[in-house]
Amino acid sequence: MDEAQQKVIKEVAKGAITGDANGKAVLPEDLKAASKGGEIFTAKDSQTGTSIVFIVESSPEDTRGLLYCEKNRPSADQTIQIGTSEWKVTMVSGPQWALVSKK
């Protein structure tokens with residue numbers, strides 16, 4: 001996690017950055033470097049608390065990202081719903097972090 005991602009997590013947690021009906025949020029200019037394309041996907045629910053997908057790579061066939069979950073991060077091969085997108089956990093990389101993808 002880099003400094004820009006830390007700032008995004010704080011801004012989402014306090015409600016300064018929110019996702020649309022699809023869970024997509026456009027980052028402010030000073031935080032665009034946190035996620036490829038300057039966009040994140042975010043949701044809040046009772047299971048995971050605040051969840052954020054920072055886009056790492058995107059193509060027409062596949063989007064890959066780094067998932068942050070405030071609590072109860074899904075295990076490898078599980079899925080998480082953020083907005084209208086279902087993300088599959090491909091690799092766990094820490095207690096609150098995992099790599100995810102969606103087609």
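This report describes the fold, the strand pairing and a few single residues of a predicted model.

Residues are numbered from 1 along each chain as its sequence is written, and side-chain values use heavy atoms, with hydrogens and water left out. Because the model is predicted, local features need pLDDT of at least 70 and side-chain atom pairs count only at pLDDT 80 or more, while totals for chains, interfaces and linings use all residues.

**Overall form**

The protein has one helix and seven strands; helices (H or I, at least four residues) and strands (E, at least two) are DSSP runs, numbered from the N terminus. Read from the N terminus, the order of the elements is α-β-β-β-β-β-β-β. The radius of gyration of the protein is 12 Å, which agrees with the value near 13 Å that a compact globule of 103 residues would have. This radius is taken over C-alpha atoms, and the globule rule is 2.2 Å times the number of residues to the power 0.38. Along the principal axes, the C-alpha atoms fill a box of roughly 35 × 30 × 25 Å.

Of the 103 residues, 40% count as buried. Buried means under 20% relative accessible area, exposed over 50%, and partly exposed in between (1.4 Å probe, protein chains only). The protein exposes about 5800 Å², of which carbon and sulfur atoms supply 47%; accessible areas come from the Shrake-Rupley method with a 1.4 Å probe, and for residues only the protein chains shown count as cover. Among the contacts with a separation of 6 or more, 36% join residues 24 or more positions apart, where contact means heavy atoms within 4.5 Å.

**Strand 3 and its partners**

Strand 3 spans residues 49-58, and seven of its 10 residues are buried. Strand 3 pairs with strand 2 (residues 39-45) and with strand 4 (residues 63-69); two strands pair if DSSP finds at least two bridges between them. The two pairings are set out below.

| Pair | Sense and bridges | Hairpin link | Opposite residues |
|---|---|---|---|
| Strand 2 and strand 3 | antiparallel, six bridges | three residues | Thr-42 and Ile-52 |
| Strand 3 and strand 4 | antiparallel, seven bridges | four residues | Ile-52 and Tyr-68 |

Ile-52 thus appears in both rows: it stands opposite Thr-42 of strand 2 and opposite Tyr-68 of strand 4. In a regular strand the side chains alternate between the two faces of the sheet.

**Single residues**

Ser-85 is found in strand 6 (residues 85-92). With a relative accessible area of 9%, Ser-85 is buried. Leaving aside neighbours within four places in sequence, Ser-85 is in contact with Phe-41, Ile-80 and Lys-102.

Glu-3 lies in helix 1 (residues 3-13) and counts as exposed at 54% relative accessibility. Glu-3 and Ala-33 are 30 residues apart in sequence, and their C-alpha atoms are 9.9 Å apart in space.

The loop between strand 4 and strand 5 (79-82) holds Asn-72, and Asp-77 also has its place in the loop between these strands. Phi of Asn-72 is near 50°, a positive value in a residue other than glycine. Phi of Asp-77, also a residue other than glycine, is positive as well, near 75°. Asn-72 is exposed at 52% relative accessibility, and Asp-77 is exposed with a relative accessible area of 57%.
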